[in-house]
Amino acid sequence: MSPSQGADQLDITDPLPKSQSSKMAKSPEDNEKKSLVKKRKDSEICLPIVYGNIAVWLGKKATEHQSHKWTIYVRGATNEDLGVVIKRVVFQLHSSFNNPTRIIENPPFELSESGWGEFEIAMTLFFHGDVSDKPLHLFHHLKLYPEDESGPLSIKKPVVVEAYDEIVFSEPTEAFFARVQNHPALVVPRLPVDFTLPPVPMEEHGDGKRGDTKDHPLNQWFTTFSEADELLKLAAARQQVSNVMRWYKIKQFELEIIQYWERNITLLTAQRRF
């Protein structure tokens, strides 16, 4: 039996290729390459995501081997475009499916299929070069039937199973930091007023199409995660406190310098009198 026709779980642990780099002579592109390597110390960028599936029973059209149509996806927690961070997502389906390894190169990162069996799906997220060279592995158990399986199936109310998570990029590259400074999908610390990042050429990520899921046909069934909103509010509050503390430290340092020179001037003046 197979999940495209029926279902057992499958665990995917294939090794992934590592990227390679080579040393090159200086060129006009050196500044851009430096920004891809140079990192922002003591900083982190957070990407709230949601991954899961929505399954719809086919009702009278259901057959023994095709009872549900389902969609599995990785989306922004607030339905923003993830293409600015994620380059592609690889979905590994059960081996019974035709072409079980599905590669989605552009947002929205999702795929739809049909069947009647439940099984585990491995998802591998690959990031843009200035974000991370390490892929992230996620696993989701495809759910087709409601928790209360004794109840009647409905073609009007789909089964929705989603998980909220946060991807944290510690010490991001300056190129990544500069690109996403004002992007709504991420939580990015603001730079001090007197600090500017070197200019970074903007790259085209994706095919230029809109990649958010705000007007997605399944949007009405998406779960609203209050954690994402709270995270954004907490990040803004932390940034405000950080800015105040930074200003306070600068002022305290300036005061110490003034006091130092005042003491020295007073001492010099006293010495001249004697």
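This passage describes one open sheet and the pairing of its strands in a predicted model.

The sheet is built from 4 strands. Their order is E5-E2-E1-E8, and the pairing is antiparallel. Strand E5 (109-115) and strand E8 (159-170) form the edges, each pairing on one side only. From one strand to the next, the twist averages 15°. Strands of a sheet pair through backbone hydrogen bonds, either parallel or antiparallel.

Strand E1 spans residues 44-57. Of its 14 residues, 11 are buried, that is, under 20% relative accessible area. Strand E1 is therefore largely enclosed by the rest of the structure. In the sheet order, E1 stands between E2 and E8. With E8, strand E1 pairs in the antiparallel sense over 12 bridges. At this pairing, Ala55 has Val159 in E8 as its bridge partner. With E2, strand E1 pairs over 9 bridges, again in the antiparallel sense. Here Val50 stands opposite Arg75 in E2.

Strand E2 covers residues 68-76. In the sheet order, E2 lies between E5 and E1. Strand E2 is joined to E5 by 7 bridges, and the two strands run antiparallel. Across this pairing, Thr71 stands opposite Ser112 in E5.

Taken along the sheet order, the pairings are as follows. E5 and E2 are joined by 7 bridges. E2 and E1 pair over 9 bridges. E1 and E8 pair over 12 bridges.

Definitions and conventions. Residues are numbered from 1 along each chain as its sequence is written. This is a predicted model: local features need pLDDT of at least 70, side-chain atom pairs count only at pLDDT 80 or more; totals for chains, interfaces and linings use all residues. Side-chain values use heavy atoms; hydrogens and water are left out. Two strands pair if DSSP finds at least two bridges between them. Axes are lines fitted to C-alpha atoms, for helices over the stretch in contact, and angles run from 0 to 180 degrees between N-to-C directions. Buried means under 20% relative accessible area, exposed over 50%, partly exposed in between (1.4 Å probe, protein chains only).
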